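User: I have a structure open and would like to talk it through with you. Could you take my questions as they come?

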Amino acid sequence: MLSTLPSFESRDPAAPVFYREHGWVLIDTLSPEQTATLQGWVDEVASWPIGGGEWIHHREQTATGPQLARTENFTPFHAGLRELLTQGAMVEVAGALLGEPAVLYKEKVNYKLVGGAGFAPHQDAPAYRFVKDHISCMVAVDDSTLENGCLDVVSSRYDDILPMDEKGCITNSVVESMAWQAAPIRAGQTLWFHSRTPHRSGPNTSQKNRRALYPTYNARREGDLREAYYAQKLREWQDARDRGEKPGLSLIGDFQGVLLDE
Ligand SMILES: O=C(O)CCC(=O)C(=O)O
């Protein structure tokens with residue numbers, strides 16, 4: 001099933017109004033032709049070798065074997081994706097929703113291929129370092145449906161950091177008290193959400209992949225911190241290894257799959 005959520009054109013002044021009320025907003029970002037180009041770019045990134053460069057691939061173990069779960073830090077190595085995420089409509093919408101000019105903070109592809117795992121209910125803000133004001137979005141590379149693990153969001157609950165469990169995810173009692181709304185979206189649409197908007201997603205139980213691009217932007221006023229973010233992330237992963245622990249997919253334990261330690 002695809003979206004029945006209201007959607008807006010990129011430059012529609014009603015979009016920031018809707019976003020401020022709900023903590024999320026759906027934007028029609030890419031035409032079918034642009035979406036096909038994006039799908040080709042994501043195929044290219046997925047074909048890069050594991051351990052062969054500065055991009056970071058993560059794989060998960062699934063019932064049918066190891067498969068890609070995520071790639072991050074790819075914009076330095078892919079001109080098309082760099083342009084999409086740092087110039088034009090995407091960064092402009094980020095700025096309009098933040099209410100001030102925005103800059104790319106980090107980027108990832110979550111592949112959620114057939115059999116891929118879901119994500120526990122969480123807010124993103126506890127995993128972000130250095131910045132106070134940031135906004136993320138999910139650019140659907142493939143249609144994102146109830147069957148293949150679309151996002152669920154909670155409206156109008158982005159004022160505070162909610163109580164967390166030991167993994168940095170939202171505690172069960174709070175999760176159960178909130179009204180969760182499924183957000184299935186079409187390939188080429190973008191679901192923008194505040195970094196404190198509660199969200200979660202199920203596993204991909206369908207026979208179709210559900211790839212999505214997730215750029216995060218911060219207020220430019222707080223600085224261009226992308227390189228600092230990745231340097232810090234690599235340090236925190238190394239610290240975890242030094243303690244004899246397996247680094248997670250994120251800096252919080254929201255990923256519900258079995259990650260392979262590459
Ligand atoms: O891709 C998904 O299904 C959810 C991803 C997510 O919540 C995250 O990466 O923080």
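User: Let me start with S156: is S156 buried or exposed?
Analyst: This is a predicted model, and in it S156 is exposed, because 12 other C-beta atoms lie within 10 Å and a residue with 12 or fewer counts as exposed.

User: Where is S156 placed, and what is its phi?
Analyst: S156 sits in the loop between β8 and α5 (172-177), and its phi is near 55°, a positive value in a residue other than glycine. As background, most residues other than glycine have a negative phi.

User: What about N73, then, is N73 buried or exposed?
Analyst: N73 counts as buried, because it has 20 C-beta neighbours inside 10 Å. N73 also has a positive phi, of about 55°, although it is not a glycine, and its place is in the loop between β4 (65-72) and α3.

User: Let's go on to α3. Which of its residues are buried?
Analyst: In helix α3, which covers residues 79-86, the buried residues are L81, L84 and L85. These residues lie on the same side of α3, because they cover an arc of only 85° around the axis. As a general point, an α-helix has 3.6 residues a turn, so residues three or four places apart point the same way.

User: And which ones are exposed on the other side?
Analyst: On the other side of α3, the exposed residues are A79 and E83.

User: What do the buried residues of α3 pack against?
Analyst: They pack against the helices α2 (32-46) and α4 (89-98), and also against the strands β5 (102-110) and β12. Just after α3 comes G88, which takes a positive phi of about 80°.

User: Changing topic, what surrounds the ligand?
Analyst: The residues around the ligand are N110, K112, F119, D124, G149, L151, H199, S201, A212, Y214 and D254. Two elements, β11 (199-201) and β12 (212-219), give two or more residues each to this shell. By class, the shell has 4 nonpolar, 4 polar and 3 charged residues.

User: L151 is in that list, so which residue is its bridge partner in β9?
Analyst: The bridge partner of L151 in β9 is A183. Strand β8, residues 151-154, is joined to β9 by 4 bridges, and the two strands run antiparallel.

User: What is the strand order in the sheet with β8 and β9?
Analyst: That sheet is open and has 4 strands in the order β6-β11-β8-β9, with antiparallel pairing. Its edge strands are β6 (119-122) and β9 (180-183), each of which pairs on one side only. On average, and with direction ignored, neighbouring strands of this sheet are turned by 25° against each other.

User: And how is the sheet with 9 strands ordered?
Analyst: The 9 strands form an open sheet with mixed pairing, in the order β1-β2-β10-β7-β12-β5-β4-β3-β13. At its edges are β1 (7-9) and β13 (258-259), and each of these pairs on one side only.

User: How many bridges are there between β2 and β10?
Analyst: Strand β2 (residues 24-28) and strand β10 (residues 189-194) pair over 5 bridges in the antiparallel sense, and within this pair W24 stands opposite F193 in β10.

User: Last one: which helix lies across β1, β2 and β10?
Analyst: That is helix α1, residues 14-22, which lies across these strands and runs at about 150° to β2.

Key. Residues numbered from 1 in each chain as written. Predicted model: local features only at pLDDT ≥ 70, side-chain atom pairs only at ≥ 80, totals over all residues. Near = placed C-beta within 6 Å. Nonpolar A, V, L, I, M, F, W, Y, C, P; charged D, E, K, R; others polar. Arc of directions from axis to C-beta. Contact = placed C-beta atoms within 7 Å. Pairing = 2+ DSSP bridges. Axes fitted to C-alpha atoms, helices over the stretch in contact; angles between N-to-C directions.
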